[in-house]
Amino acid sequence: ASELLTQQLVEERERSYASAFAKYMEIDPLLKPAVFVGFAALGTLIMNVLAYMACYAGRVLARRQHALDLKAAEEKKQRKEERKLQRRKEEKREERRRRRAAKESALEAETGGEASDVS
């Protein structure tokens, strides 16, 4: 009895599917292309929206990358300037050392020269 009931339910479901398909096939022949075109237009719209989103994301990423590139270039310029200033400071220190050493050697020469004059 239960198998018979199950068989009847399966047959009824198949009939409902068949009737739904038949109803679809009964759509006016002029309406079928319109439905197809409607779905094609919807698909095109969805693709356009996805393409726009991809382009927008690309622009955002490009803008961020450009900002990072500008920042990196500025930091590089700053480091170069700092190295230049450091080099100038070192050159000035070296020049002072040379002058001091020259003065000291001149003083020693004078003192040494006087000592040789005295003897």
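Helices, in the sense used here, are DSSP runs of type H or I spanning at least four residues, and they are numbered from the N terminus. With that convention, the secondary structure of this predicted model can be stated briefly: the chain contains two helices and zero strands. Helix H2 covers residues 31-118, and the features described below are followed along it.

The solvent exposure of the chain sets the context. Of its 119 residues, 0% count as buried. The chain exposes about 11400 Å², and 61% of this area is supplied by carbon and sulfur atoms.

One part of that surface is a nonpolar patch of about 1200 Å². Its members are Leu31, Val35, Phe39, Leu42, Leu45, Ile46, Met47, Val49, Leu50, Tyr52, Met53 and Tyr56. Leu45, one of these residues, lies in helix H2. Leu45 has a relative accessibility of 51%, and it therefore counts as exposed, since the category begins over 50%.

Two further members of the nonpolar patch, Tyr52 and Tyr56, also concern the aromatic contacts. A search of the whole structure finds one aromatic pair. The ring centres of Tyr52 and Tyr56 lie 6.5 Å apart and the ring planes meet at 20°, so this pair is classed as stacked; the stacked class requires planes under 30 degrees apart. Both tyrosines belong to helix H2, and because they are four residues apart, about one helical turn separates them. Their accessibilities fall into separate categories: Tyr52 is exposed, with a relative accessible area of 52%, whereas Tyr56, at 43%, is partly exposed.

Further along helix H2, charged side chains come into contact. How many salt bridges does the structure contain? The count comes to four. In one of them, Glu90 pairs with Arg93, and the closest N and O atoms are 3.0 Å apart. These two residues are three positions apart in helix H2, so about one helical turn lies between them. Glu90 is partly exposed at 37% relative accessibility, and Arg93 is likewise partly exposed at 37%.

A second salt bridge joins the side chains of Glu94 and Arg97, with an N to O distance of 3.2 Å. Here too the partners are three residues apart in helix H2 and are therefore separated by about one helical turn. Glu94 has a relative accessible area of 34%, which means that this residue is partly exposed. Arg97 reaches 44% and is also counted as partly exposed.

Glu95 and Arg99 form another salt bridge, at 3.6 Å from N to O. Both residues lie in helix H2, and their spacing of four residues corresponds to about one turn of the helix. Glu95 is partly exposed at 31%, while Arg99, at 53% relative accessibility, counts as exposed. This contact does not stand alone, for salt bridges that share partners join Glu95, Arg98 and Arg99 into one network.

A positive surface patch remains to be described. It is formed by Lys76, Arg79, Lys80, Arg83, Lys84, Arg87, Arg88, Lys92, Arg96, Arg100 and Lys103. Which helix holds Arg96? Arg96 is placed in helix H2, and at 45% relative accessibility it counts as partly exposed. Patch membership requires over 30% relative accessible area and no salt bridge, so Arg93, which is bridged to Glu90, is excluded from the patch by that rule.

Taken together, helix H2 holds the stacked pair of Tyr52 and Tyr56, the bridged pair of Glu90 and Arg93, the pair of Glu94 and Arg97, and the pair of Glu95 and Arg99. Leu45 of the nonpolar patch and Arg96 of the positive patch are placed in that helix as well.

How values were computed. Residues are numbered from 1 along each chain as its sequence is written. This is a predicted model: local features need pLDDT of at least 70, side-chain atom pairs count only at pLDDT 80 or more; totals for chains, interfaces and linings use all residues. Side-chain values use heavy atoms; hydrogens and water are left out. Patches are made of residues with over 30% relative accessible area and no salt bridge: like charges are joined within 9 Å, nonpolar side chains (Val, Leu, Ile, Met, Phe, Trp, Tyr) within 5 Å. Accessible areas come from the Shrake-Rupley method with a 1.4 Å probe; for residues, only the protein chains shown count as cover. Buried means under 20% relative accessible area, exposed over 50%, partly exposed in between (1.4 Å probe, protein chains only). Rings of Phe, Tyr and Trp (its six-membered ring) pair if their centres lie within 6.5 Å; planes under 30 degrees apart count as stacked, over 60 as edge-to-face and the rest as tilted. Lys and Arg count as positive and Asp and Glu as negative; His and the chain ends are not counted. The place of a charge is taken as NZ of Lys, CZ of Arg, CG of Asp or CD of Glu.
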